[in-house]
Amino acid sequence: MGFPLNHGCGSPAVPCFQPSQIVGLEHEASCLYAEVVQVIESRQSCWVRPLMLVFWSEATQRQNSALATMAACYDLRHDSDLLLPLTLFRVALDVEVLPWLADLYIDDRDVADSEKKASGHQLFKEFIQQVWQAHPEVFQAPSRLKKT
């Protein structure tokens with residue numbers, strides 16, 4: 001079973017994503033990394049499954065990924081899926097995501113820290129609210145064509 005090769009590639013402003021691809025949604029000093037489940041071209045939306053929410057310090061933002069250990073990472077693999085506008089997402093590079101993913105799976109072996117998971121869930125909700133408030137134009141329904 002194959003998927004079309006150009007999901008959402010109708011214009012340069014619309015990114016092209018494939019199912020199972022990792023994407024990032026950046027806002028201020030944080031980034032939500034998620035796995036693409038499906039691209040809904042008719043709505044210019046992307047159904048994603050959250051993986052992790054990463055917060056960087058100011059020093060990390062100014063430097064490169066070598067300082068990534070100075071960031072906080074929250075596991076969101078058990079949080080709710082999202083349906084958000086395509087234009088909010090960008091392709092996530094392997095070199096930025098793989099170290100964090102490895103940490104998530106190492107943490108799976110540790111005893112579950114329910115307090116950290118609860119704070120991660122709360123930060124996830126706040127992140128989505130902040131994105132929604134920062135980009136109201138992409139969340140508005142498209143204007144209907146007027147019949148004359």
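Biologist: In this predicted model, which residue of β5 is the bridge partner of S45?

Modeller: The bridge partner of S45 in β5 is P85, and this belongs to a pairing in which four bridges join β3 to β5, with the two strands running antiparallel.

Biologist: What makes β3 and β5 a pair of strands?

Modeller: Two strands pair if DSSP finds at least two bridges between them; four bridges join β3 to β5, so the requirement is met and the two count as paired.

Biologist: Which other strands are joined to β3, and how many bridges are there in each case?

Modeller: Strand β2 is joined to β3, residues 45-55, by 10 bridges, and the two run antiparallel; C31 has V54 as its bridge partner in β3, while Y33 has M52. Strand β4 is joined to β3 by four bridges, again in an antiparallel arrangement, and here L53 stands opposite Y74.

Biologist: Why is β3 described as largely enclosed by the rest of the structure?

Modeller: The description follows from a count, because eight of the 11 residues of β3 are buried, where buried means a relative accessible area under 20%.

Biologist: What do the hairpins on either side of β2 look like, and which residues take a positive phi there?

Modeller: In the hairpin of β1 and β2 there are two residues between the strands, and E28 takes a positive phi near 50 degrees. Six bridges join β1, residues 22-27, to β2, residues 30-40, in an antiparallel manner, with L32 of β2 as the bridge partner of L25. The hairpin of β2 and β3 has four residues between the strands, and in that hairpin Q44 takes a positive phi near 50 degrees.

Biologist: Why are C31 and C46 called buried, and how many disulfides does a search of the whole structure find?

Modeller: The cut-off for buried is under 20% relative accessible area; C31 has 0% and C46 also stands at 0%, so both satisfy it. As for disulfides, the search of the whole structure finds zero.

Biologist: How many aromatic pairs does a search of the whole structure find, and what makes the pair of F55 and Y74 edge-to-face?

Modeller: The search finds one aromatic pair. F55 and Y74 form this pair, with 6.1 Å from centre to centre and 85 degrees between the planes; since ring centres must lie within 6.5 Å and edge-to-face requires planes over 60 degrees apart, both conditions are fulfilled. The pair links distant parts of the chain, F55 being in β3 and Y74 in β4, 19 residues apart.

Biologist: Why do F55 and Y74 fall into separate accessibility classes?

Modeller: F55 has a relative accessible area of 26%, which lies between the limits of 20% and 50%, so F55 is partly exposed. Y74 has 16%, which is under 20%, and therefore Y74 counts as buried.

Biologist: How do you know that R77 is buried, and what makes its approach to D75 a polar contact?

Modeller: R77, found in the loop between β4 (72-75) and β5 (82-85), has a relative accessible area of 18%, which is under the 20% limit, so R77 is buried. The side chains of R77 and D75 are joined by a polar contact of 2.6 Å, a distance within the 3.5 Å cut-off.

Key
Residues numbered from 1 in each chain as written. Predicted model: local features only at pLDDT ≥ 70, side-chain atom pairs only at ≥ 80, totals over all residues. Heavy atoms only, no water. Buried < 20%, exposed > 50% of the residue type's maximum accessible area, 1.4 Å probe, protein only. Polar contact = N/O pair within 3.5 Å; in protein donor to acceptor, adjacent residues only side chain to side chain. Disulfide = S-S within 2.5 Å. Phe/Tyr/Trp six-rings, centres within 6.5 Å; stacked < 30°, edge-to-face > 60°.
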